[in-house]
Each structure stands twice: as structure tokens, then as C-alpha cells.
Amino acid sequence: MRTRFERRLVELYAAEPDLHTIAREVFVSTELATDCDMVGYSEFHLGSGEFRVEYSHPDPDPERRATTTAAYLKHAGSHPFWGKDPAFFGERALRESDFFSDAQFMELPIAREVFLPAHAHRQMTTMIVQEGYAVAISAHRVLGRPAFSDAERDRMQELRGHVARVYRQALERTVQSMAPVERLIHLCPDLSPRQREVARWIAAGKSNESIAGLLGIRLDTVKSHVRGVFEKLGVDDRLGAALAVHQRPPFTQLPPMWTLAGSRWSPAGLRTTAAATPD
């Protein structure tokens with residue numbers, strides 16, 4: 001097992017994933033490290049408390065997922081292990097068996113309403129903190145399987161350090177592949193559709209007069225939209241906007257799962273989000 005795990009770590013780096021493909025690489029690595037039945041890859045937005053999670057083997061029923069997620073949110077605050085508190089986890093990998101006996105687990109409301117209906121029992125989680133949000137990796141086993149061993153916990157903890165490095169590299173690859181206007185949109189996900197159009201031309205170096213002609217709107221309207229873009233960026237002029245686009249982390253207001261293309265399990269059930277484009 002140790003040799004296979006080390007070989008998998010080499011493959012993880014060699015895959016050079018971006019933010020679109022890293023979850024799949026994490027699934028394979030976690031399954032090998034822990035001998036689990038399912039892996040969860042989650043992002044928790046620290047400001048709002050919301051989260052998105054993608055599973056290696058998701059439940060295909062969106063209504064059931066929505067019901068289960070609502071129950072999870074209801075009970076997540078009952079213990080920092082369920083609430084995925086980054087300060088509580090630190091750099092450790094933690095197991096449900098570190099805090100609850102089997103008998104205690106079976107009586108927990110979160111177990112009765114969330115995990116047991118899905119035949120889930122054993123869990124082990126580790127977390128990686130990013131600016132504004134945290135990434136959680138969870139290994140799950142079904143009812144009847146033994147608790148995760150100390151050796152499996154140690155491998156999960158070791159894997160965490162490697163995933164943290166690969167995640168940072170994936171973040172850099174993804175950001176470098178973005179056009180300036182796309183970076184701007186990720187910096188300010190609450191831009192209105194018209195502000196996005198104006199931002200596109202700001203990023204292309206167009207003057208207010210040129211933007212008015214290109215969009216067929218009044219110059220005063222363009223100036224109003226430009227002020228709105230600057231306000232949301234917290235800058236005063238085009239130079240400040242350009243510096244923000246190229247120097248600031250683009251996913252602090254909303255993590256990548258909120259803004260990159262793909263299907264995600266959210267508190268509202270299965271939600272499809274699309275990366276914003278200038279078109």
C-alpha cells in the first residue's frame with residue numbers, strides 16, 4: 001500500500017491539474033490513501049458559511065440531495081467536526097471515531113437524518129485554507145466497514161500537504177489561462193451584465209467615448225458603469241483596475257466552485273454554474 005501511495009503522489013504532480021480537473025485527481029488519491037467508498041471535495045466560503053461539494057460517486061436524485069443537504073446544514077453546528085471549522089482541523093486529518101463511539105454516532109441527529117439514510121458511517125476529513133475560503137477533503141465508508149486506522153489517517157494527513165501544493169499550482173494555472181476581463185469578472189462576481197460589457201472594453205484599453213460608441217449608449221451612462229466597476233473593485237481609476245486584475249487573487253468573494261463551469265451540489269440541490277465570459 002505504501003509503495004502504491006507514493007507512486008500515486010508522483011502521478012498527482014505529473015497530472016498538472018487545473019481547478020477544473022483537480023477534484024478528479026483528489027478522488028483517486030484519497031481512495032488509494034484511505035481505502036474509502038466515496039470521496040467528497042468541498043469548498044466552504046468563510047464569509048457566508050455556504051458550501052459546495054462534489055462527490056466521487058454522487059447520489060443521482062437531486063431532490064434527495066437537497067433534503068439531505070438541508071438536514072446537514074441544520075445540524076452542522078452541533079460539533080466543529082461536522083461544521084468543518086478550519087481552526088479546529090488545523091493541518092490534521094480527523095475521524096468521526098476520534099470524537100464519537102459507534103453508539104454515540106448512531107444517536108446523533110446528524111447521523112439519523114443525513115448519514116444513516118445514505119448507509120454512510122465512517123468519515124475522515126482534512127482541510128486546506130485559502131484566502132476567503134477553505135477546501136475540505138472527506139473520505140467516507142458505508143455502514144458495516146471498520147473505522148479508519150491510524151495508518152490511513154497518517155496517509156490522509158500526508159496527502160493533505162501534497163494536495164495543498166497541487167491546489168496552489170492548479171489555482172495559478174487557471175488564473176494564468178484567464179483573459180483579463182475574465183479575471184475581473186471573478187474578482188467582482190456581482191457585476192451587472194452591462195457592467196461586464198463595459199469591463200470587457202476597459203480591459204481592452206478602450207476610452208469611455210469608444211465604449212459608448214461600441215455599445216450604442218450615452219457617454220454619461222458609460223461613466224456611471226465605469227464608476228460602478230471601480231467601486232466594486234475598490235479602485236479610483238483604470239490603472240488601479242488593471243493592477244487589481246493582475247495582482248489580486250480572483251476567488252476571494254466566491255470560491256472557484258461558484259464560478260467555474262460544471263455541476264455542483266449546493267444547499268439548493270444540484271446547481272449548474274457557468275464561468276462568465278465576455279461574450
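Biologist: How do you know that the span of helix H1 agrees with the expected one?

Modeller: Helix H1 covers residues 2–14, which is 13 residues. The expected span is 1.5 Å times one less than the number of residues, so H1 should span 18 Å, and its end C-alpha atoms are 19 Å apart, which agrees. Helices (H or I, at least four residues) and strands (E, at least two) are DSSP runs numbered from the N terminus. This is a predicted model, in which local features need pLDDT of at least 70 and side-chain atom pairs count only at pLDDT 80 or more, while totals for chains, interfaces and linings use all residues. Residues are numbered from 1 along each chain as its sequence is written, and side-chain values use heavy atoms, with hydrogens and water left out.

Biologist: What makes the buried residues of H1 line one face of the helix?

Modeller: In H1, Phe-5, Arg-8, Leu-9 and Leu-12 are buried (under 20% relative accessible area; exposed is over 50% and partly exposed in between, with a 1.4 Å probe and protein chains only). Seen down the axis of H1, the buried residues fall within an arc of 105°, so they line one face; the arc is that of the directions from the helix axis to the C-beta atoms. An α-helix has 3.6 residues a turn, so residues three or four places apart point the same way. On the other side of H1, Thr-3, Val-10 and Ala-14 are exposed.

Biologist: Why is H1 called roughly antiparallel to H2?

Modeller: The axes of H1 and H2 come within 10 Å and cross at roughly 170°. Axes are lines fitted to C-alpha atoms, for helices over the stretch in contact, and angles run from 0 to 180 degrees between N-to-C directions. Angles under 35 degrees count as roughly parallel, over 145 as roughly antiparallel, 65 to 115 as roughly perpendicular and the rest as oblique. The crossing angle therefore makes H1 roughly antiparallel to H2.

Biologist: Why is H10 called roughly perpendicular to H12?

Modeller: The axes of H10 (residues 193–203) and H12 (residues 219–233) come within 9 Å and cross at roughly 85°. That angle makes H10 roughly perpendicular to H12. Their contact (heavy atoms within 4.5 Å) is made by Arg-194, Gln-195, Val-198 and Ile-202 of H10 and His-225, Val-226, Gly-228, Val-229 and Lys-232 of H12.

Biologist: How do you know whether Gln-123 is buried or exposed?

Modeller: Gln-123, in strand S4 (residues 120–130), has a relative accessible area of 2% and is therefore buried. Not counting residues up to four places away in sequence, Gln-123 touches residues including Phe-81, Trp-82, Leu-94 and Phe-148.
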